Amino acid sequence: MTDFSQLRIDGQRLWDSLMEMAQIGATEKGGCNRQALTDLDKQGRDLFVHWCKDAGCDVTIDKMGNIFARRQGNNPHLPPVLTGSHLDTQPTGGRFDGVYGVLAGLEVVRTLNDAGIETEAPLEVAVWTNEEGARFSPAMIGSGVWSGNFDLDYAYARADKEGKTFGKELARIGYKGKAPAQARPLSAAFEVHIEQGPILEAEQKQIGVLTGVQGMHWYDLTLIGQPCHAGPSPMEGRRDPFMGLHRILDALYKLAAEHAPWARATFGDIRVEPGSRNTVPEKLVLAVDLRHPDQNILNTMDQRFREIAARIADETGLEHQIRDEWRSPAVKFDEKCVEAVRSAVAELGYSNKEMVSGAGHDSVYISRVAPTSMIFVPCEKGLSHNEAEYAEPEDLEAGANVLLHAMLKMANSAV
Ligand SMILES: [Zn+2]
């Protein structure tokens, strides 16, 4: 087999493309607001498609508006090696979240074109529609429909705050394609993304080799006591939901600590009823978010959470209810894809760390239907979904080089 060990992507060209794409929806604070299926999203897609056609790719749009730019391989019978991410952003988004993964894929294609290298399996660069879920909920619906987790009609009926539907907006911007939005065989799928967390930067590692994605369980915990006057009622004998809550919180933080460093316990919202300054509340509704990359441990945390809530509610004279709001099972990435990334990183000599993603990505859905893994690069202070989001050009270049070599390995491994 040909020796590709000296092959590198063009970091400057990658950076220039990122900056050119960032002008579409550029915000005053240096970020990007290019929400799904807006006129700006259309402009960003048009630019990407134009670049792909210039690079000799065949472009297909599916019924969800997912874009697939294909660079043919020598063996048309082999399923493609795919990479991709998203071009949509949060309202106060940055210049790298998602778009880096898309344009790094394009840079891989451009690099292979320049070097005149043909692969055995075809390569594809994908843009998944509405990853962010900022304009249309839920998030990751493009890859979600494609992988069979949502129905097409359900997706088309999603409405934004103004009542405009996904289906109509998709047609309006001209990206309601004809190809079926459903999974087809892939040799492998990769996604390179900024970390959106502080770990790589803090440990001064250039590449994150992802082995999976955290599982997430969302709940509403309700505690019901007895409302009474804040003054005349002695502290003893009150049935105050907060007296139970503070012990439950303490126990859940300890539970997360028991399963450090990857367990997470977050309480992002609380509702108090009746919500009056001088009344012991009757009811608290707490949003609980538990996460762990190992589904067995997450199941244990789930069970312990239920035991803790039941015991403490009982001891403090409260009624309690736990409502399951949403679950996303832990993802374990494909061992061959992880190994392709691992060995690419080793050959390229980049400092690295094996880790799991704490955020959801399109790769969560793709991994249910195809061998998948991800690559992370550091982002400044772990800041993302923020206009100040920043990643160093040399880290972006390193991540794209890892992607290039991992894709080459998988595209030629059948030979
Ligand atoms: Zn993203």
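**View 1. H361 sits in the loop between strand 14 (352-357) and helix 11 (362-366).** The model is predicted: local features need pLDDT of at least 70, side-chain atom pairs count only at pLDDT 80 or more, and totals for chains, interfaces and linings use all residues. Residues are numbered from 1 along each chain as its sequence is written, and side-chain values use heavy atoms, with hydrogens and water left out. Helices (H or I, at least four residues) and strands (E, at least two) are DSSP runs, numbered from the N terminus. H361 is buried, with a relative accessible area of 1%. Buried means under 20% relative accessible area, exposed over 50%, and partly exposed in between (1.4 Å probe, protein chains only). Leaving aside neighbours within four places in sequence, H361 is in contact with E131, M140, E191, H193, Q196, M374 and F376. Contact means heavy atoms within 4.5 Å. H361 and M140 are 221 residues apart in sequence, yet 7.0 Å apart in space, C-alpha to C-alpha.

**View 2. The zinc ion has protein donors from H86 (NE2), D97 (OD) and H193 (NE2).** These donors lie 2.0 to 2.2 Å from the zinc ion. Donors are N, O and S atoms within 2.8 Å of the metal (3.2 Å for Na, K and Ca); water is not among the atoms, so sites may look incomplete. The sequence spacing of the donor residues is H-x10-D-x95-H. D97 lies in the loop between strand 3 (81-85) and helix 3 (99-115), and H193 in strand 5 (residues 188-194), so the pair ties together parts that are 96 residues apart in sequence. D97 and H193 are both buried.

**View 3. The largest nonpolar core has 90 residues.** F48, Y100, L103, F190 and L396 have the most contacts inside this core. A nonpolar core is a set of buried Ala, Val, Leu, Ile, Met, Phe, Trp, Tyr and Cys residues joined through side-chain atoms within 4.5 Å. Helix 12 (residues 393-412) gives the most to the largest core, with 11 residues. Not counting residues up to four places away in sequence, F190 touches V81, L82, T83, G84, C337, A340, V341, S373, L403, A406, M407 and M410. Another core, of 24 residues, lies apart from the largest one and includes L223, A263, I308 and I312.

**View 4. Helix 1 (residues 11-22) and helix 3 cross at roughly 140°.** Their axes come within 10 Å. Axes are lines fitted to C-alpha atoms, for helices over the stretch in contact, and angles run from 0 to 180 degrees between N-to-C directions. The crossing angle makes helix 1 oblique to helix 3. Angles under 35 degrees count as roughly parallel, over 145 as roughly antiparallel, 65 to 115 as roughly perpendicular and the rest as oblique. From helix 1, R13, L14, S17, L18 and M21 meet V99, Y100, L103, A104, E107, R110, T111 and D114 in helix 3.

**View 5. Cis peptide bonds join S137 to P138 and E273 to P274.** Omega is about 0° for S137 and P138, and about 5° for E273 and P274. P138 lies in the loop between strand 4 (123-127) and helix 4 (141-146). P274 is in the loop between strand 9 (264-273) and strand 10 (279-280).

**View 6. Q196 and Q204 have a positive phi.** Neither Q196 nor Q204 is a glycine. Phi is about 65° at Q196 and about 50° at Q204. Q196 lies in the loop between strand 5 and helix 7 (199-202). Q204 lies in the loop between helix 7 and strand 6 (207-213). Q204 is exposed, with a relative accessible area of 68%.
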